[in-house]
Amino acid sequence: MSEGPVIIVGAGHGGYQVAASLRQAGFSQRVCLINDEAHLPYQRPPLSKAYIKGSAGPESLMFRPEKFYQDQKIELIAGRAVSIDRAGRKLHLASGETLAYGHLVLATGARNRLLDLPNANLADVKYLRILDESEALRAIMPSKTRAVIIGAGFIGLEFAATARIKGLEVDVLELAPRVMARAVTAEVSEYFQARHREAGIRIHLGVQATSIEAEGGKVTGVSLSDGRHLPADLVVVGVGVLPNIELAAQAGLPVAAGIIVDEYLATADPDISAIGDCALFASPRFGGSLRLESVQNATDHARCLAARLTGDKKPYDGHPWFWSDQGDDKLQIAGLTTGYDRVVLRGDPAKKAFSAFCYQGEKLLGIESINRAGDHMFGRRLQAMDRSITPEQAADESFDLKSALA
(Lines give C-alpha, C1' and ligand atoms only; values in the text may rest on other atoms or scores of the structure.)
Protein backbone atom coordinates (compact mmCIF):
# COMPACT_ATOMS: atom_id res chain seq x y z
CA MET A 1 0.00 0.00 0.00
CA SER A 2 1.16 3.54 -0.72
CA GLU A 3 2.20 5.49 2.37
CA GLY A 4 0.72 8.93 2.93
CA PRO A 5 -1.97 10.91 1.15
CA VAL A 6 -2.65 10.52 -2.55
CA ILE A 7 -3.12 13.89 -4.22
CA ILE A 8 -4.64 13.84 -7.71
CA VAL A 9 -4.26 16.86 -9.98
CA GLY A 10 -7.15 16.90 -12.44
CA ALA A 11 -10.75 15.77 -11.99
CA GLY A 12 -11.52 14.45 -15.47
CA HIS A 13 -12.19 10.82 -16.33
CA GLY A 14 -8.76 9.66 -15.17
CA GLY A 15 -8.53 11.69 -11.99
CA TYR A 16 -12.02 10.73 -10.86
CA GLN A 17 -11.38 7.06 -11.57
CA VAL A 18 -8.13 6.97 -9.59
CA ALA A 19 -9.91 8.33 -6.52
CA ALA A 20 -12.87 5.95 -6.87
CA SER A 21 -10.65 2.92 -7.55
CA LEU A 22 -8.41 3.64 -4.59
CA ARG A 23 -11.41 3.55 -2.27
CA GLN A 24 -12.77 0.42 -3.96
CA ALA A 25 -9.42 -1.25 -3.32
CA GLY A 26 -9.56 -0.39 0.38
CA PHE A 27 -7.12 2.50 0.44
CA SER A 28 -7.81 4.23 3.76
CA GLN A 29 -5.52 7.23 3.75
CA ARG A 30 -6.30 10.73 2.55
CA VAL A 31 -7.37 11.17 -1.08
CA CYS A 32 -7.63 14.66 -2.55
CA LEU A 33 -8.93 15.48 -6.01
CA ILE A 34 -7.84 18.89 -7.29
CA ASN A 35 -10.53 20.28 -9.58
CA ASP A 36 -9.93 23.48 -11.55
CA GLU A 37 -13.48 23.61 -12.94
CA ALA A 38 -16.57 24.94 -11.16
CA HIS A 39 -18.44 21.64 -11.48
CA LEU A 40 -18.40 18.21 -9.92
CA PRO A 41 -16.35 15.78 -12.03
CA TYR A 42 -18.29 15.03 -15.22
CA GLN A 43 -18.38 13.07 -18.48
CA ARG A 44 -16.93 14.82 -21.51
CA PRO A 45 -18.14 12.78 -24.53
CA PRO A 46 -21.72 14.17 -24.55
CA LEU A 47 -20.51 17.78 -24.66
CA SER A 48 -20.32 17.99 -28.45
CA LYS A 49 -23.42 15.89 -29.10
CA ALA A 50 -26.29 14.99 -26.77
CA TYR A 51 -25.70 17.77 -24.26
CA ILE A 52 -25.83 20.57 -26.85
CA LYS A 53 -28.86 19.01 -28.53
CA GLY A 54 -30.82 18.52 -25.33
CA SER A 55 -32.18 20.54 -22.45
CA ALA A 56 -30.79 18.63 -19.46
CA GLY A 57 -28.69 20.58 -17.00
CA PRO A 58 -25.04 20.03 -16.02
CA GLU A 59 -26.09 17.60 -13.29
CA SER A 60 -26.97 15.06 -16.00
CA LEU A 61 -23.26 14.76 -16.84
CA MET A 62 -21.86 14.21 -13.37
CA PHE A 63 -20.14 10.91 -12.57
CA ARG A 64 -21.54 10.91 -9.06
CA PRO A 65 -23.42 13.34 -6.80
CA GLU A 66 -21.58 15.29 -4.14
CA LYS A 67 -22.69 12.82 -1.46
CA PHE A 68 -20.58 10.11 -3.10
CA TYR A 69 -17.39 12.07 -2.44
CA GLN A 70 -18.44 12.77 1.12
CA ASP A 71 -19.29 9.13 1.79
CA GLN A 72 -16.05 7.90 0.20
CA LYS A 73 -13.99 10.55 1.99
CA ILE A 74 -12.64 11.88 -1.29
CA GLU A 75 -11.76 15.53 -0.75
CA LEU A 76 -12.76 17.69 -3.69
CA ILE A 77 -10.56 20.76 -3.63
CA ALA A 78 -11.44 23.60 -5.99
CA GLY A 79 -8.23 25.14 -7.24
CA ARG A 80 -5.32 25.08 -9.63
CA ALA A 81 -1.98 23.42 -9.00
CA VAL A 82 0.92 25.76 -9.74
CA SER A 83 4.08 23.98 -8.59
CA ILE A 84 5.50 20.78 -7.14
CA ASP A 85 8.12 20.62 -4.39
CA ARG A 86 9.50 17.18 -5.12
CA ALA A 87 12.08 17.22 -2.33
CA GLY A 88 9.45 18.12 0.26
CA ARG A 89 6.69 16.10 -1.45
CA LYS A 90 4.33 19.06 -1.49
CA LEU A 91 1.92 20.46 -4.05
CA HIS A 92 1.31 24.21 -4.15
CA LEU A 93 -2.01 25.65 -5.30
CA ALA A 94 -2.74 29.07 -6.77
CA SER A 95 -4.73 29.87 -3.62
CA GLY A 96 -1.56 29.61 -1.54
CA GLU A 97 -2.61 26.28 -0.01
CA THR A 98 0.04 23.57 0.23
CA LEU A 99 -0.78 19.86 0.23
CA ALA A 100 1.64 17.18 1.40
CA TYR A 101 1.56 13.96 -0.59
CA GLY A 102 2.73 10.42 -0.26
CA HIS A 103 1.99 9.95 -3.93
CA LEU A 104 1.11 12.57 -6.52
CA VAL A 105 -0.99 11.72 -9.58
CA LEU A 106 -0.85 14.04 -12.57
CA ALA A 107 -4.11 13.67 -14.48
CA THR A 108 -3.82 17.13 -15.98
CA GLY A 109 -5.34 16.22 -19.34
CA ALA A 110 -5.05 18.44 -22.39
CA ARG A 111 -6.29 21.83 -23.55
CA ASN A 112 -7.54 23.19 -26.83
CA ARG A 113 -4.98 24.18 -29.41
CA LEU A 114 -5.82 27.83 -30.00
CA LEU A 115 -6.33 29.42 -33.37
CA ASP A 116 -3.69 32.03 -34.22
CA LEU A 117 -5.68 34.24 -36.59
CA PRO A 118 -6.96 37.82 -36.62
CA ASN A 119 -10.20 38.16 -34.59
CA ALA A 120 -9.83 34.65 -33.14
CA ASN A 121 -10.54 36.04 -29.66
CA LEU A 122 -14.01 37.39 -30.49
CA ALA A 123 -16.98 36.20 -28.44
CA ASP A 124 -18.49 34.27 -31.35
CA VAL A 125 -15.35 32.17 -31.86
CA LYS A 126 -15.83 29.11 -29.66
CA TYR A 127 -14.02 25.97 -28.60
CA LEU A 128 -15.54 22.76 -27.31
CA ARG A 129 -13.74 20.65 -24.75
CA ILE A 130 -15.07 21.51 -21.30
CA LEU A 131 -18.56 21.92 -19.87
CA ASP A 132 -18.45 25.71 -19.71
CA GLU A 133 -17.63 25.82 -23.43
CA SER A 134 -20.51 23.48 -24.24
CA GLU A 135 -22.84 25.58 -22.09
CA ALA A 136 -21.77 28.74 -23.89
CA LEU A 137 -22.40 27.19 -27.30
CA ARG A 138 -25.77 25.84 -26.25
CA ALA A 139 -26.78 29.29 -25.06
CA ILE A 140 -25.88 31.16 -28.26
CA MET A 141 -26.82 28.64 -30.95
CA PRO A 142 -30.52 29.62 -31.08
CA SER A 143 -29.49 33.12 -32.16
CA LYS A 144 -27.08 31.90 -34.86
CA THR A 145 -27.78 30.96 -38.46
CA ARG A 146 -24.49 29.93 -40.04
CA ALA A 147 -21.50 28.20 -38.46
CA VAL A 148 -18.03 27.63 -39.83
CA ILE A 149 -16.20 24.79 -38.12
CA ILE A 150 -12.42 24.75 -38.41
CA GLY A 151 -11.14 21.19 -38.22
CA ALA A 152 -12.76 17.94 -39.37
CA GLY A 153 -11.69 15.67 -36.54
CA PHE A 154 -14.08 13.91 -34.18
CA ILE A 155 -15.09 17.02 -32.25
CA GLY A 156 -15.52 19.20 -35.32
CA LEU A 157 -17.70 16.67 -37.13
CA GLU A 158 -19.72 15.78 -34.04
CA PHE A 159 -20.54 19.43 -33.52
CA ALA A 160 -21.19 19.94 -37.24
CA ALA A 161 -23.82 17.20 -37.18
CA THR A 162 -25.37 18.64 -34.02
CA ALA A 163 -25.46 22.18 -35.41
CA ARG A 164 -27.10 20.97 -38.61
CA ILE A 165 -29.76 19.10 -36.66
CA LYS A 166 -30.39 22.35 -34.75
CA GLY A 167 -31.06 24.08 -38.07
CA LEU A 168 -27.83 25.99 -38.70
CA GLU A 169 -26.12 26.26 -42.06
CA VAL A 170 -22.75 24.55 -41.60
CA ASP A 171 -19.39 24.74 -43.38
CA VAL A 172 -16.45 22.58 -42.26
CA LEU A 173 -12.85 23.45 -43.15
CA GLU A 174 -10.09 20.84 -43.19
CA LEU A 175 -6.52 21.25 -44.37
CA ALA A 176 -6.07 17.51 -44.96
CA PRO A 177 -7.41 15.84 -48.12
CA ARG A 178 -10.09 13.97 -46.16
CA VAL A 179 -11.97 14.17 -42.87
CA MET A 180 -10.57 12.46 -39.76
CA ALA A 181 -7.49 11.68 -41.82
CA ARG A 182 -5.24 10.97 -38.84
CA ALA A 183 -7.78 8.72 -37.13
CA VAL A 184 -9.50 6.50 -39.69
CA THR A 185 -9.08 4.78 -43.05
CA ALA A 186 -9.94 6.45 -46.34
CA GLU A 187 -12.98 4.17 -46.66
CA VAL A 188 -14.44 5.43 -43.38
CA SER A 189 -13.54 9.04 -44.21
CA GLU A 190 -15.36 8.78 -47.53
CA TYR A 191 -18.46 7.37 -45.87
CA PHE A 192 -18.66 10.19 -43.33
CA GLN A 193 -17.93 12.86 -45.92
CA ALA A 194 -20.86 11.59 -47.95
CA ARG A 195 -23.16 11.33 -44.94
CA HIS A 196 -22.43 14.86 -43.76
CA ARG A 197 -22.90 16.24 -47.25
CA GLU A 198 -26.23 14.40 -47.51
CA ALA A 199 -27.25 16.25 -44.35
CA GLY A 200 -26.48 19.56 -46.05
CA ILE A 201 -23.09 20.20 -44.45
CA ARG A 202 -20.57 21.78 -46.82
CA ILE A 203 -17.10 20.26 -46.39
CA HIS A 204 -14.08 22.11 -47.78
CA LEU A 205 -10.93 19.97 -47.99
CA GLY A 206 -7.34 21.06 -48.59
CA VAL A 207 -7.97 24.61 -47.40
CA GLN A 208 -7.40 26.54 -44.21
CA ALA A 209 -8.77 29.65 -42.60
CA THR A 210 -6.56 32.71 -43.07
CA SER A 211 -8.63 35.21 -41.09
CA ILE A 212 -11.91 35.66 -39.27
CA GLU A 213 -13.83 38.65 -40.57
CA ALA A 214 -15.84 40.86 -38.25
CA GLU A 215 -17.79 44.09 -38.03
CA GLY A 216 -18.35 45.87 -34.75
CA GLY A 217 -16.94 42.95 -32.80
CA LYS A 218 -19.33 40.49 -34.45
CA VAL A 219 -18.12 37.64 -36.64
CA THR A 220 -19.25 37.98 -40.24
CA GLY A 221 -17.28 35.25 -41.97
CA VAL A 222 -14.07 33.36 -42.56
CA SER A 223 -11.55 33.92 -45.35
CA LEU A 224 -9.87 30.86 -46.86
CA SER A 225 -6.42 30.13 -48.25
CA ASP A 226 -7.87 29.62 -51.74
CA GLY A 227 -9.29 33.15 -51.79
CA ARG A 228 -12.89 32.31 -50.98
CA HIS A 229 -14.95 33.85 -48.21
CA LEU A 230 -17.57 31.99 -46.19
CA PRO A 231 -20.23 34.02 -44.35
CA ALA A 232 -20.73 33.04 -40.72
CA ASP A 233 -22.00 34.39 -37.42
CA LEU A 234 -20.42 31.56 -35.40
CA VAL A 235 -16.99 29.93 -35.66
CA VAL A 236 -16.17 26.73 -33.77
CA VAL A 237 -12.55 25.63 -33.61
CA GLY A 238 -11.49 22.00 -33.35
CA VAL A 239 -7.85 21.84 -34.42
CA GLY A 240 -6.57 19.45 -31.78
CA VAL A 241 -5.26 19.68 -28.26
CA LEU A 242 -2.02 20.15 -26.37
CA PRO A 243 -1.16 17.98 -23.36
CA ASN A 244 -0.85 19.86 -20.08
CA ILE A 245 2.77 19.05 -19.27
CA GLU A 246 3.88 22.38 -17.81
CA LEU A 247 3.44 21.45 -14.14
CA ALA A 248 5.61 18.37 -14.62
CA ALA A 249 8.21 20.19 -16.71
CA GLN A 250 8.58 22.96 -14.15
CA ALA A 251 9.23 20.29 -11.51
CA GLY A 252 12.06 18.87 -13.61
CA LEU A 253 10.25 15.73 -14.74
CA PRO A 254 11.05 14.46 -18.24
CA VAL A 255 8.48 15.51 -20.83
CA ALA A 256 8.17 15.28 -24.61
CA ALA A 257 4.82 14.98 -26.39
CA GLY A 258 3.46 14.24 -22.93
CA ILE A 259 4.69 13.54 -19.41
CA ILE A 260 7.04 10.60 -19.84
CA VAL A 261 6.07 7.54 -17.80
CA ASP A 262 7.09 3.89 -17.84
CA GLU A 263 4.88 0.85 -18.36
CA TYR A 264 3.68 1.24 -14.75
CA LEU A 265 2.69 4.88 -15.42
CA ALA A 266 5.44 6.13 -13.10
CA THR A 267 7.50 9.23 -13.87
CA ALA A 268 11.21 9.54 -13.18
CA ASP A 269 10.19 10.42 -9.61
CA PRO A 270 8.88 7.27 -7.87
CA ASP A 271 6.43 9.39 -5.87
CA ILE A 272 4.75 10.86 -8.96
CA SER A 273 2.71 9.18 -11.67
CA ALA A 274 0.89 10.52 -14.74
CA ILE A 275 -2.17 9.15 -16.51
CA GLY A 276 -4.61 9.91 -19.30
CA ASP A 277 -4.32 12.49 -22.06
CA CYS A 278 -1.20 14.08 -20.60
CA ALA A 279 0.82 10.85 -20.28
CA LEU A 280 3.32 9.56 -22.84
CA PHE A 281 3.49 5.96 -21.67
CA ALA A 282 5.78 3.09 -22.56
CA SER A 283 3.82 0.33 -24.25
CA PRO A 284 5.39 -3.11 -24.56
CA ARG A 285 2.32 -4.19 -26.56
CA PHE A 286 2.82 -1.56 -29.27
CA GLY A 287 6.60 -1.40 -29.04
CA GLY A 288 7.15 2.23 -28.17
CA SER A 289 5.65 5.20 -26.38
CA LEU A 290 2.07 6.35 -26.89
CA ARG A 291 -0.08 9.27 -25.87
CA LEU A 292 -3.75 8.53 -26.40
CA GLU A 293 -6.74 10.82 -26.01
CA SER A 294 -9.69 8.67 -25.03
CA VAL A 295 -11.97 7.88 -22.13
CA GLN A 296 -10.87 4.24 -22.27
CA ASN A 297 -7.21 5.17 -21.96
CA ALA A 298 -7.78 7.55 -19.03
CA THR A 299 -9.99 5.21 -17.03
CA ASP A 300 -7.87 2.10 -17.66
CA HIS A 301 -4.72 4.04 -16.73
CA ALA A 302 -6.47 5.08 -13.52
CA ARG A 303 -7.45 1.55 -12.57
CA CYS A 304 -3.94 0.26 -13.28
CA LEU A 305 -2.36 2.98 -11.16
CA ALA A 306 -4.81 2.54 -8.28
CA ALA A 307 -3.99 -1.17 -8.27
CA ARG A 308 -0.26 -0.43 -8.09
CA LEU A 309 -0.73 2.04 -5.24
CA THR A 310 -2.63 -0.59 -3.29
CA GLY A 311 -0.10 -3.38 -3.78
CA ASP A 312 -1.03 -4.98 -7.12
CA LYS A 313 1.77 -3.82 -9.40
CA LYS A 314 1.29 -4.75 -13.06
CA PRO A 315 2.36 -3.02 -16.27
CA TYR A 316 -0.33 -1.17 -18.16
CA ASP A 317 -1.49 -3.29 -21.06
CA GLY A 318 -4.82 -1.80 -22.10
CA HIS A 319 -6.48 -2.43 -25.43
CA PRO A 320 -7.38 0.92 -27.02
CA TRP A 321 -10.87 1.65 -28.26
CA PHE A 322 -12.61 4.84 -29.32
CA TRP A 323 -15.98 6.07 -30.54
CA SER A 324 -17.66 9.03 -32.18
CA ASP A 325 -21.37 9.72 -32.66
CA GLN A 326 -22.02 11.88 -35.74
CA GLY A 327 -25.67 12.42 -36.55
CA ASP A 328 -27.34 9.02 -36.89
CA ASP A 329 -24.04 7.20 -37.32
CA LYS A 330 -21.92 5.60 -34.61
CA LEU A 331 -18.25 5.05 -35.34
CA GLN A 332 -16.46 2.59 -33.04
CA ILE A 333 -12.78 1.71 -33.28
CA ALA A 334 -11.10 -1.26 -31.65
CA GLY A 335 -7.31 -1.21 -31.66
CA LEU A 336 -4.71 1.09 -33.19
CA THR A 337 -4.66 0.99 -36.97
CA THR A 338 -1.51 3.06 -37.55
CA GLY A 339 0.68 1.36 -40.13
CA TYR A 340 -2.02 -0.68 -41.87
CA ASP A 341 -1.35 -1.66 -45.48
CA ARG A 342 -4.61 -3.42 -46.31
CA VAL A 343 -8.26 -2.69 -45.59
CA VAL A 344 -10.96 -5.33 -45.86
CA LEU A 345 -14.61 -4.28 -45.73
CA ARG A 346 -17.25 -6.39 -44.03
CA GLY A 347 -20.81 -5.26 -44.64
CA ASP A 348 -22.10 -2.67 -47.08
CA PRO A 349 -21.46 1.09 -46.86
CA ALA A 350 -24.55 1.63 -49.04
CA LYS A 351 -26.63 0.07 -46.27
CA LYS A 352 -25.01 2.37 -43.68
CA ALA A 353 -23.53 -0.52 -41.73
CA PHE A 354 -20.03 -1.87 -42.34
CA SER A 355 -16.63 -2.40 -40.76
CA ALA A 356 -13.12 -1.76 -42.03
CA PHE A 357 -10.73 -4.48 -40.87
CA CYS A 358 -7.21 -3.02 -40.97
CA TYR A 359 -4.25 -5.31 -41.56
CA GLN A 360 -0.49 -5.07 -41.66
CA GLY A 361 0.36 -8.08 -43.74
CA GLU A 362 -1.75 -10.85 -42.22
CA LYS A 363 -1.90 -9.21 -38.78
CA LEU A 364 -5.17 -7.56 -37.78
CA LEU A 365 -4.36 -4.18 -36.23
CA GLY A 366 -7.84 -2.91 -35.59
CA ILE A 367 -11.44 -2.62 -36.71
CA GLU A 368 -13.34 0.57 -37.57
CA SER A 369 -17.07 -0.13 -37.35
CA ILE A 370 -19.97 2.03 -38.46
CA ASN A 371 -23.33 1.04 -37.01
CA ARG A 372 -22.08 -2.50 -36.39
CA ALA A 373 -21.65 -2.75 -32.65
CA GLY A 374 -21.26 -6.53 -32.86
CA ASP A 375 -18.13 -6.22 -35.00
CA HIS A 376 -16.72 -3.71 -32.55
CA MET A 377 -17.29 -5.92 -29.53
CA PHE A 378 -15.85 -8.85 -31.46
CA GLY A 379 -12.72 -6.81 -32.16
CA ARG A 380 -12.27 -5.88 -28.53
CA ARG A 381 -12.71 -9.48 -27.37
CA LEU A 382 -10.40 -10.80 -30.07
CA GLN A 383 -7.65 -8.35 -29.15
CA ALA A 384 -8.01 -9.17 -25.46
CA MET A 385 -7.31 -12.79 -26.42
CA ASP A 386 -4.34 -11.78 -28.61
CA ARG A 387 -5.90 -13.50 -31.60
CA SER A 388 -6.53 -12.57 -35.21
CA ILE A 389 -8.55 -13.65 -38.21
CA THR A 390 -7.39 -13.68 -41.81
CA PRO A 391 -8.37 -10.95 -44.29
CA GLU A 392 -10.33 -13.58 -46.23
CA GLN A 393 -12.35 -14.51 -43.14
CA ALA A 394 -13.05 -10.85 -42.40
CA ALA A 395 -14.37 -10.23 -45.90
CA ASP A 396 -16.57 -13.34 -45.88
CA GLU A 397 -19.95 -12.45 -44.33
CA SER A 398 -20.72 -16.15 -43.99
CA PHE A 399 -17.74 -16.61 -41.66
CA ASP A 400 -18.97 -16.72 -38.07
CA LEU A 401 -16.86 -14.23 -36.12
CA LYS A 402 -17.82 -15.90 -32.85
CA SER A 403 -16.00 -19.03 -33.93
CA ALA A 404 -12.71 -17.11 -33.65
CA LEU A 405 -13.42 -16.50 -29.97
CA ALA A 406 -14.09 -20.11 -29.05
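This briefing covers the overall build of the protein and three of its residues. The model is predicted. The protein has ten helices and 26 strands. Its radius of gyration is 22 Å, close to the 22 Å that the globule rule gives for 406 residues, so the protein is as compact as a globular protein of that length.

**Overall build**

- The C-alpha trace spans about 65 × 60 × 35 Å along the principal axes of the protein.
- Buried residues make up 52% of the 406 in the protein.
- Among contacts with a separation of 6 or more, 60% join residues 24 or more positions apart.
- The protein has an accessible surface of about 17400 Å², and carbon and sulfur atoms contribute 51% of that area.

**Lysine 126**

- Lysine 126 belongs to strand E9, which covers residues 125-127.
- The residue is buried but forms no salt bridge.
- Aspartate 124 is the nearest side chain of opposite charge to lysine 126, at 5.8 Å; a salt bridge needs the side-chain nitrogen within 4 Å of a carboxyl oxygen, so this pair does not count as one.
- A polar atom of the lysine 126 side chain lies 3.0 Å from the backbone oxygen of alanine 123.
- Beyond four places in sequence, lysine 126 touches Ala136, Leu137 and Ile140, and also Leu234, Val235, Val236 and Val237.

**The loop between H2 and H3**

- Leucine 61 is in the loop between H2 and H3, and phenylalanine 63 also has its place there, with helix H2 at 50-53 and helix H3 at 66-71.
- Leucine 61 has a relative accessibility of 4%, and it therefore counts as buried, the cut-off being under 20%.
- Outside its neighbours up to four places away in sequence, leucine 61 touches Tyr42, Gln43, Pro46, Leu47, Tyr51 and Leu131.
- Phenylalanine 63, with neighbours within four places left aside, is in contact with Gly12, His13, Tyr16, Pro41, Tyr42, Gln43 and Tyr69.
- Tyr42 and Gln43 appear among the contacts of both leucine 61 and phenylalanine 63.

**Distances from the loop residues**

- From leucine 61 to threonine 210 the C-alpha separation is 36 Å, and the two residues are 149 apart in sequence.
- Phenylalanine 63 and aspartate 386 are 323 residues apart along the chain, with 32 Å between their C-alpha atoms.

Note on methods. Residues numbered from 1 in each chain as written. Predicted model: local features only at pLDDT ≥ 70, side-chain atom pairs only at ≥ 80, totals over all residues. Heavy atoms only, no water. Helix = DSSP H or I, 4+ residues; strand = E, 2+ residues; numbered from the N terminus. Buried < 20%, exposed > 50% of the residue type's maximum accessible area, 1.4 Å probe, protein only. Lys, Arg positive; Asp, Glu negative; His and termini not counted. Polar contact = N/O pair within 3.5 Å; in protein donor to acceptor, adjacent residues only side chain to side chain. Contact = heavy atoms within 4.5 Å. Rg over C-alpha atoms; globule rule 2.2 N^0.38 Å. Areas by Shrake-Rupley, 256 points an atom, 1.4 Å probe, with all protein chains shown as cover.
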